[in-house]
Amino acid sequence: MDWGVNTAYKTYKGVEVEPKHMMDMTLIPSIDPIDIGLGSSEKGNAAPSAKPRKKTMTSVYLKFFETAPDGKSRRCKFCGQSYSIATATGNLGRHLANRHPGYDKSGDAAASTATAPQTTVIVKKSQPQGKAHQVDYDHLNWLLIRWLILASLPPSTLEEKWLVNSFRFLNPSIQLWPGDKYKAVFREVFRSMQEDVRLSLEQVSSKLSIILDFWTSYESFFYMSVTCQWIDESWSFRKVLLDICHIPYPCGDSEIYHSLEKVLENYNIENKVLSCTHDNSQNAIHACHTLKEKFDGQKAGPFCYIPCAARTLNLIIDDGLRTTKPVISRVREFALQLNECTDFSEDFIQFSMAYREGSWKFPVDTSARWSGSYQMLDIVHKAGKTMEAVVRKNGEKLGDRMILTAAEKTAVSIVHGYLEPFYKTTNNMCTTKMPTIGLILFFMDHISEMITVCRESRHTPEWLKSAAEDMAKKARSYSSQVCNIFTYMTAILDPRIKCELIPENLNSENHLEEARAHFMRNYSTGHFPSVTSGYGAHEMEDGGSVSFAEEIARKKRRGSIVSATDELTQYLSEPPAPMPTDVLEWWKVNSTRYPRLSVMARDFLAVQATSVAPEELFCSKGDEIDKLRFSMPHDSTQAILCIKSWAQDGIKFKYRSTEIDYERLMELAAASVADNNVTSSDKKQK
């Protein structure tokens, strides 16, 4: 948000706002004041038409101002002072009181004739205006709700003593909702937005894939996030968080299965789910296996559960770092000092230039994740002399313990060279727009080859061979879980991979025949739009008949479109697309050539190879997410994390199915701040 606590409060401090704006139903829904204290202080839901509509006394001030022809400002008839058309009438009254005393009291006179039939302005007697201020504070509270959600802060934040005192310092009459009311609003907003997500999933025509992620909070509560992914009809990749589930004790596979089953039932998507990507834990594997047995028994269609490639690769890399971890820890302490002290970092830059050990920028990545660990290896391997020179120059502050021995430097250089392909692989995974199953299998096959080379090389030291053995076991375990007909079909539908780049242990003639049978059984029949209809959008703009050349071109295009039986064969017979190819764009362009196979591609390409975004696992970005999840209290975790995710996906804030117009609220806030500035300027001029 681009507003702070002080700015948010200044919006409402001592400013009167027209009730017809403040009670605009597009801003805040009509709700029971018992729940969250909005609107009237009276109980019940009285119909708006039960009482005659009255204008407040501030409206009489308008007769002393004339509206400019452009409708954007008002000008005082006495002194010519101009105000924005959005200026609250209360401020216009203050202008009259300061500049033209007496005229601001005209409202009292108007009140005495309020019952006259010819009177067009009905004015209330002077009163504390408590109701108007209550509405102001309600708007402030709604803005604070959005701040809490986008900042991932629990409602208890607003009960912090010093924050409350800060608000009261600005205005002693400020009224913030108690924590229980914020929680009640969060729960209701969660239910309203969740219903919108459910309705949107009803419109999805393709298969859905889900991914599971797990974590434990500081309160020792175990949570599972369930995310749904698919490819829409315009060939755009879509995903939405379905729920954050608290997994009850003892947090085993049975509890995970029942929680997942409940989520799928709530959204009514059981018959649409094609796959589930999990975090490789045994409990998650068993839960997914139970779910598959249920789907198989219901004959709901094919279903497969897939281990997370990113987590497997992270464990493999961790084995490779095993020997050098003590050195990495010491280098990390050194790097932290460089980031914190400008003198140290300047010394490092100067020495690196003198020793010709590359160009370095600060701060460097010092996270405990793979990206940070490789950065530590990089410092020793590429700037070893520079590091030693900085340590010796600042020995009193840095200490001699940071000076590495020759053996340690050698070990770091060996590990750095060995793991460099791993680093390039993870970088590619993190930056790839859509890491498909086919691409990830391609990368994992390359990793297995690198491990094999290390194990078989005569120049590899024994300590590294031992680490490579453990790395190979994890790679084989992953391969045994992921190599099946399901992943084979998913991989070959990536036009960059096809059959040519699939790992050998997955690429078999039997798998190809099974894939062909699945395609013919599930996608070659049924209603499909005529392939020629795709050219309708390219008719001549003037509405005339197409040219002779266009007719010939269309015949050739139709000739290139193969029958349903041969679509898969024709697709696989063509060479793979280049690696930089956008997979979804390729299928969008070629869907007219393969109308039935493209439907299968929409289903299977949504299957994910990782249960977490690679950059959240390998890079420091994951630290922020882990801290957020760990520190979130139990009574706020589900609502805040879900609402924040849905809002970031473009789903509107709603309370009891009524949208909260935050743009309008911010406009009112900005206008009120401007009015305050104008009032302050008037006082200074006086």
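These legends describe close-up views of a predicted model.

**View 1. Helix 9 crosses helix 10 at roughly 50°.** Helix 9 spans residues 253-267, and helix 10 spans residues 282-298. Their axes come within 8 Å. At that crossing angle, helix 9 is oblique to helix 10. The crossing is right-handed.

**View 2. Residues in the contact of helix 9 with helix 10.** Helix 9 contributes Asp253, Ile256, Tyr257, Leu260, Glu261, Leu264 and Glu265. From helix 10 come Asn283, Ala284, His286, Ala287, Thr290, Leu291, Lys294 and Phe295. Sorted by class, this contact has eight nonpolar residues, three polar and four charged.

**View 3. An open sheet of three strands.** The strand order is 1-2-3. Pairing is antiparallel. Strand 1 (65-67) and strand 3 (82-84) stand at the edges. Each has a single partner strand, so one side of strand 1 and one side of strand 3 are left without a neighbour in the sheet. Direction ignored, neighbouring strands of this sheet are turned by 30° against each other on average.

**View 4. Pairing of strand 2 with strand 3.** Strand 2 covers residues 73-76. Strand 2 pairs with strand 3 in the antiparallel sense, over three bridges. Arg74 stands opposite Tyr83, a residue in strand 3. In general, strands of a sheet pair through backbone hydrogen bonds, either parallel or antiparallel.

Methods:
Residues are numbered from 1 along each chain as its sequence is written. This is a predicted model: local features need pLDDT of at least 70, side-chain atom pairs count only at pLDDT 80 or more; totals for chains, interfaces and linings use all residues. Side-chain values use heavy atoms; hydrogens and water are left out. Axes are lines fitted to C-alpha atoms, for helices over the stretch in contact, and angles run from 0 to 180 degrees between N-to-C directions. Helices (H or I, at least four residues) and strands (E, at least two) are DSSP runs, numbered from the N terminus. Angles under 35 degrees count as roughly parallel, over 145 as roughly antiparallel, 65 to 115 as roughly perpendicular and the rest as oblique. A crossing is left-handed if the near helix is turned anticlockwise from the far one by less than a right angle, and right-handed if clockwise. Contact means heavy atoms within 4.5 Å. Ala, Val, Leu, Ile, Met, Phe, Trp, Tyr, Cys and Pro count as nonpolar, Asp, Glu, Lys and Arg as charged, and the others, Gly among them, as polar. Two strands pair if DSSP finds at least two bridges between them.
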